[in-house]
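I opened a fresh notebook page for this one and went through it topic by topic. Here is what I looked up, in the order I looked.

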Amino acid sequence: MAALSVYPMCVRASRGLLRLRSGVGGLSAPVVLDSGRALSADTSKGGESSTGSLAQTILQERLQKDQPSPVGQGGSDQKQNDQGQDTKQKENTAYAKKMVLRLAGIMGIGGAVGVVYIFGSNSVDEHGNKIPDEFDNDVPIIQQVKRTFKYFKDYRQMIIEPTSPKLLPDPLKEPYYQPPYTLVLELTDVLLHPEWSLATGWRFKKRPGIEYLFQQLAPLYEIVIFTSETGMTAYPLIDSIDPQGFVMYRLFRDATRYMEGHHVKDVSCLNRDTSKVIVVDCKREAFSLQPFNGMALRKWDGNSEDRALYDLAAFLKTIAVSGVEDVRTVLENYAHEDDPIEAFKKRQSQLALEEEQRLAERSQHQTQGLSLGSIAGRFWSRKQQ
């Protein structure tokens with residue numbers, strides 16, 4: 001009787017599961033089998049209501065697993081919105097770049113046309129009449145282009161080449177006095193040192209011995225300041241260091257020859273005998289065209305105890321007083337010295353020491369000769385007696 005009562009209860013549980021399955025419409029077979037087992041176990045305990053509640057709990061858990069999470073869906077939507085905003089921002093950036101490039105191209109074309117129109121037109125005289133040139137027979141547009149090209153070519157040549165093949169006027173003639181030698185001095189880091197501070201800005205410090213150098217060499221040398229600085233910068237500086245007017249001529253950057261990134265001072269353009277010209281600079285590149293006409297001093301760092309200009313005055317005065325016919329024969333001996341002034345001082349000391357030894361030897365020979373002569377004189381006087 002117990003077995004018969006259990007069987008109808010199992011059948012009713014199975015039917016209940018089938019109804020739930022048909023209502024949900026998405027359960028798989030393993031779940032039904034598992035639920036059947038659980039229901040059989042529950043019916044063995046004798047409760048139809050417990051079996052139904054267990055099946056309903058299992059089905060609710062299954063449905064919750066199958067349904068998408070609201071949080072996950074919201075995160076996916078946020079991600080899609082971010083991607084859309086990034087894409088839109090990239091498109092806007094690309095569009096802005098295109099517009100900027102187009103605008104720059106239009107401005108560049110307009111600027112080129114304006115340059116050709118301004119610099120390619122004929123020159124005019126004082127009355128406003130056009131001056132004919134070699135391009136008048138060409139097509140108008142070709143005329144403009146060729147004149148523009150020639151203008152910039154001449155401008156580049158003006159920068160590279162010195163302003164004139166004769167940078168200095170002809171030497172003075174009698175009754176005026178023309179010094180026998182020409183001294184070409186650089187301004188920056190030879191006579192002056194630029195310094196910058198937050199309080200004063202750019203200032204130039206005078207090297208010790210400038211006045212002494214000018215005073216000692218003015219009768220012997222034609223002093224020329226030839227600097228790679230512009231005239232606007234250098235002119236007032238020269239006035240400040242030479243109030244007495246020892247500097248005879250001033251040459252600036254436009255008088256140099258621009259070669260391989262350096263402003264070179266071409267001695268052949270000075271309108272002077274190159275055998276009597278001495279260039280003093282702190283860069284060897286400044287006189288690279290005539291290397292044996294120059295002296296490369298050490299760059300002055302602003303030290304107030306510096307004595308280089310005093311020694312330079314002594315060196316140059318020695319050359320002039322000695323009447324050297326070709327200064328290049330002297331300067332060639334110092335061409336490879338890191339500090340030619342220091343080398344000159346060492347050689348002077350050595351020459352002075354050799355001269356002292358020679359004088360000492362001569363005086364010693366004279367003393368010996370006198371002593372022998374006195375002995376011979378005494379002997380001769382006694383013999384006569």
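The entries below go from strands to helices, then to salt bridges and backbone details.

**Entry 1: before starting**

I remind myself that this is a predicted model.

**Entry 2: the open sheet**

I began with the strands and asked in which order the open sheet of 5 strands runs. I read S5-S4-S1-S8-S9, and the pairing is parallel. At the edges I found S5 (249-251) and S9 (294-296), each of which pairs on one side only. I also looked up the turn between neighbouring strands of this sheet, which averages 20° with direction ignored.

Next I looked at one edge in detail. S8 and S9 pair in the parallel sense, and I noted 3 bridges for them. Val280 has Met295 of S9 standing opposite.

**Entry 3: the hairpin**

How many residues lie between S2 and S3 in their hairpin? I noted 3. The two strands, S2 and S3 (residues 201-206), pair in the antiparallel sense, with 6 bridges. I picked out Glu195, whose bridge partner in S3 is Arg203.

**Entry 4: two helices side by side**

Two packed helices are described by the angle between their axes and the distance between the axes. I looked up both for H6 (residues 210-217) and H8 (residues 308-322): the angle is about 10° and the axes are 8 Å apart. Angles under 35 degrees count as roughly parallel, so H6 and H8 are roughly parallel to each other.

Then I listed who makes the contact. From H6 come Ile210, Tyr212, Leu213, Gln216 and Leu217. From H8 come Leu309, Tyr310, Leu312, Ala313, Leu316 and Lys317. Sorted by class, the contact has 9 nonpolar, 1 polar and 1 charged residues.

**Entry 5: salt bridges**

Side chains of opposite charge can pair when their charged atoms come close. I wanted to know how many salt bridges the structure holds. The total is 17, and I followed three of them, one at a time.

My first pick was Asp133 with Arg147, whose closest N and O atoms are 2.7 Å apart. This pair links distant parts of the chain, 14 residues apart: Asp133 sits in the loop between H4 (70-119) and H5 (140-160), while Arg147 belongs to H5. Are these residues buried or exposed? Arg147 has a relative accessible area of 6% and is therefore buried, whereas Asp133, at 26%, is partly exposed.

My next pick was Asp138 with Lys146, with 3.2 Å between the closest N and O atoms. Asp138 counts as partly exposed because its relative accessibility is 26%. Lys146 also counts as partly exposed, at 35%.

I then turned to Glu186 and Lys265, where the closest N and O atoms are 2.6 Å apart. This salt bridge links distant parts of the chain, with 79 residues separating the partners. Glu186 is in the loop between S1 (181-185) and S2 (192-197), and Lys265 is in the loop between S7 (262-264) and S8 (277-281). I checked burial here too, using the cut-off of under 20% for a buried residue. Glu186 comes out at 3% relative accessibility, so I file Glu186 as buried. Lys265, at 2%, is buried as well.

One more thing on this topic: which residues are joined into one network by salt bridges that share partners? I wrote down Asp133, Asp136 and Arg147.

**Entry 6: backbone details**

Most residues other than glycine have a negative phi, and most peptide bonds are trans. With that in mind, I went looking for exceptions.

Which residues does a cis peptide bond join? I found Glu174 and Pro175, with omega about 10°. Pro175 has its place in the loop between H5 and S1.

For phi, I noted Glu260, where the value is near 55° and thus positive in a residue other than glycine. Glu260 lies in the loop between S6 (257-259) and S7. Its relative accessible area is 78%, so Glu260 is exposed.

Asn271 went onto the page as well, with a positive phi near 65° in a residue other than glycine. I located Asn271 in the loop between S7 and S8. That loop is also where I had placed Lys265, the salt-bridge partner of Glu186.

Definitions and conventions. Residues are numbered from 1 along each chain as its sequence is written. This is a predicted model: local features need pLDDT of at least 70, side-chain atom pairs count only at pLDDT 80 or more; totals for chains, interfaces and linings use all residues. Side-chain values use heavy atoms; hydrogens and water are left out. Axes are lines fitted to C-alpha atoms, for helices over the stretch in contact, and angles run from 0 to 180 degrees between N-to-C directions. Helices (H or I, at least four residues) and strands (E, at least two) are DSSP runs, numbered from the N terminus. Angles under 35 degrees count as roughly parallel, over 145 as roughly antiparallel, 65 to 115 as roughly perpendicular and the rest as oblique. Contact means heavy atoms within 4.5 Å. Ala, Val, Leu, Ile, Met, Phe, Trp, Tyr, Cys and Pro count as nonpolar, Asp, Glu, Lys and Arg as charged, and the others, Gly among them, as polar. A salt bridge is a side-chain nitrogen of Lys or Arg within 4 Å of a carboxyl oxygen of Asp or Glu. Buried means under 20% relative accessible area, exposed over 50%, partly exposed in between (1.4 Å probe, protein chains only). Two strands pair if DSSP finds at least two bridges between them.
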